[in-house]
Amino acid sequence: MIGVVLLAVVVISLASAGLYSQRTLARARIELEAAEFQQVELERLLSVPYDSLRNGSRETDDGESSWQVEERYTHRQILLITHFAPSEAISVWDTVAAYRLAP
């Protein structure tokens, strides 16, 4: 009887650990996809010619992004805000600042 109880405790512990790891992996996958979305948006902005870089926003199937460009003496600061939302239940907001030196 004691062996059955101990076995039940071990099986329940392993099952809950498996569920926890599955949720953690799903969350990590979503955060990775959000980071990839942000990276693509940032690379797209950095590929725009320096003189054409202006404030703006953009919406895609996976989410939306908006950016503000601030002129400095020797560079332009780009503040990119992304909202990754591949479904109604998932929403990841992130912000990154990038700098472009004047040519």
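Glu-33 comes out as partly exposed in this structure, with a relative accessible area of 34%. The model is a predicted one, and Glu-33 is a handy way into it. The residue belongs to helix 1, and its C-alpha atom sits 9.4 Å from that of Pro-86, a residue 53 positions away along the chain. Glu-33 also joins Glu-36, Asp-61 and Asp-62 in a surface patch of negative charge. Asp-61, another member of that patch, is placed in the loop that runs between strand 1 (56-59) and strand 2 (63-71). With a relative accessible area of 78%, Asp-61 is exposed.

Further back in helix 1, which covers residues 2-46, is Val-5. This residue teams up with Met-1 and Val-9 to make a nonpolar patch of about 340 Å² on the surface. Val-5 itself is partly exposed, at 48% relative accessibility.

Now for the salt bridges, of which the whole structure has 4. Glu-41, again a helix 1 residue, takes part in a network of them together with Arg-44 and Arg-58. One link stays within the helix: Arg-44 and Glu-41 are 3 residues apart, or about one turn, and their closest N and O atoms are 3.3 Å apart. The other link, from Glu-41 to Arg-58, has its closest N and O atoms 2.8 Å apart. That pair ties together distant parts of the chain, as Glu-41 lies in helix 1 and Arg-58 in strand 1, with their positions 17 residues apart.

How buried or exposed are the partners in this network? Glu-41 has a relative accessible area of just 2%, so it counts as buried, the limit being under 20%. Arg-44, at 26%, is partly exposed, and so is Arg-58, at 32%. Leaving out residues up to four places away in sequence, Glu-41 touches Arg-58, Thr-60, Ser-65 and Leu-80.

A separate salt bridge pairs Arg-72 with Glu-70, the closest N and O atoms being 3.0 Å apart. Here Arg-72 is partly exposed at 35% relative accessibility, and Glu-70 is partly exposed at 41%.

Thr-82, finally, is a residue of strand 3 (residues 75-87). Thr-82 is buried, with a relative accessible area of 2%. Setting aside neighbours within four places in sequence, its contacts are Phe-37, Gln-38, Glu-64, Ser-65, Val-92, Trp-93 and Asp-94. Ser-65 turns up among the contacts of Thr-82 and also among those of Glu-41.

How values were computed
Residues are numbered from 1 along each chain as its sequence is written. This is a predicted model: local features need pLDDT of at least 70, side-chain atom pairs count only at pLDDT 80 or more; totals for chains, interfaces and linings use all residues. Side-chain values use heavy atoms; hydrogens and water are left out. Patches are made of residues with over 30% relative accessible area and no salt bridge: like charges are joined within 9 Å, nonpolar side chains (Val, Leu, Ile, Met, Phe, Trp, Tyr) within 5 Å. Accessible areas come from the Shrake-Rupley method with a 1.4 Å probe; for residues, only the protein chains shown count as cover. A salt bridge is a side-chain nitrogen of Lys or Arg within 4 Å of a carboxyl oxygen of Asp or Glu. Lys and Arg count as positive and Asp and Glu as negative; His and the chain ends are not counted. The place of a charge is taken as NZ of Lys, CZ of Arg, CG of Asp or CD of Glu. Helices (H or I, at least four residues) and strands (E, at least two) are DSSP runs, numbered from the N terminus. Buried means under 20% relative accessible area, exposed over 50%, partly exposed in between (1.4 Å probe, protein chains only). Contact means heavy atoms within 4.5 Å.
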